[in-house]
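Please look through the sequence and the model below before reading on. The report that follows takes up a sheet first and then some single residues.

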Amino acid sequence: MLRRFVGFLIVCLVVPACSHDDTASAHSRNGTRANGDGVAPRPAVIAPAAEPYKIVSVAGGGTITGTVDFDGTPPAAEVVRPSTDQKVCGNSVVQKTITLSGTRVSGAVVWLTDIRSGKGFALERRFDLTNDGCTLDPFVQVISTNSTLNVGNDDRTLHTNRFINVGTGEIAAVAPFNDDGEVVPVDRFKEAAEIEVMCEQHPWTHAWIAVLDHPYYAQTAAHPSLGYMDDSVTVGAGLQANVAFRIRRATPAVPTPAAAESARAASSTPAVPILPTASSTPASTGAPTTTGPPPPRQRD
């Protein structure tokens, strides 16, 4: 059985390395907005499947374990100087960057692709996202379709969180907050998608959600800030297979004069996540773990 094993992470580079905008923005693109109040569609690492996932009885399921390591010098944290709500946000906000334990990346989301039948979902299908200190926590998480995301506000200031489907540019949901302690349940995620969350009032605030329509995923803990990559692995019935990802930070291209001018103009705005290139090498230790049935053999 051959299945692709995908790792999803987000990378936040400093402003000089971001000569283009791969995130949604409170500003329109080219003077217009696509899809009404949405933004222009962008390449997404998750898209709806052609056929629905089916829950079936699982016998002799195998197990996948693996690691996600960072190769090279981690990107430096970006410091944002808020121009509003300093009493709540503070005079500076440190953008979330990669969290490492040695070379191991914390918060990496990994999942199986193209798996259309297998075990059932967990009974508890509630997840949390919190506005805290004018940032969103967790920065990256994975949730299942048809689940409830409880979006909360721990700040004494107004937040309006927009949930944007990266692949379509459409706004999947809006969660407005008027006071701290408020919680808004969001249950609009009906199909697999890559979701960017942003705050209208605080444009440096972002979070990323991997919405999957099957239960074959895991997360390594804490917050990552790296790109995405995939690999394949063979799992025998009742056996354990290992897979490892090794992420390298992409080398920024030499800027053109126009790009350099754009970078200087953006020097007063926060850095935005981009998806860099990455490479992988095999290894045989670590976690996360995903357990499930051995699907029929197929080619990638």
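What follows is a short account of this predicted model.

**The sheet.** Four strands form an open sheet with mixed pairing, and their order is E12-E11-E14-E17. Strand E12 (135-137) and strand E17 (183-186) each have a single partner strand and stand at the edges, so one side of each is left without a neighbour in the sheet. From one strand to the next, the twist averages 20 degrees. Strand E11, which covers residues 126-132, runs antiparallel to E12, and three bridges join the two; in this part of the sheet, Thr 130 stands opposite Asp 137 of E12.

**After strand E12.** Asp 137 also takes part in a cis peptide bond, which leads from Asp 137 to Pro 138 and has an omega near 5 degrees. Pro 138 itself lies in the loop between E12 and strand E13 (140-144).

**Two residues with positive phi.** The table lists two residues that have a positive phi although neither is a glycine.

| Residue | Phi | Loop between |
|---|---|---|
| Asp 85 | about 55 degrees | strand E5 (79-80) and helix H1 (86-89) |
| Asp 114 | about 65 degrees | strand E9 (109-112) and strand E10 (117-118) |

Asp 85 has a relative accessible area of 30%, so it counts as partly exposed.

**Ile 55.** Is Ile 55 buried or exposed? Ile 55, which belongs to strand E3 (residues 54-55), has a relative accessibility of 54% and therefore counts as exposed, the cut-off being over 50%. Leaving aside residues up to four places away in sequence, Ile 55 touches Gly 118, Lys 119, Gly 120 and Phe 121. Ile 55 and Lys 119 are 64 residues apart in sequence, and their C-alpha atoms are 5.6 Å apart in space.

Methods
Residues are numbered from 1 along each chain as its sequence is written. This is a predicted model: local features need pLDDT of at least 70, side-chain atom pairs count only at pLDDT 80 or more; totals for chains, interfaces and linings use all residues. Side-chain values use heavy atoms; hydrogens and water are left out. Two strands pair if DSSP finds at least two bridges between them. Axes are lines fitted to C-alpha atoms, for helices over the stretch in contact, and angles run from 0 to 180 degrees between N-to-C directions. Buried means under 20% relative accessible area, exposed over 50%, partly exposed in between (1.4 Å probe, protein chains only). Contact means heavy atoms within 4.5 Å.
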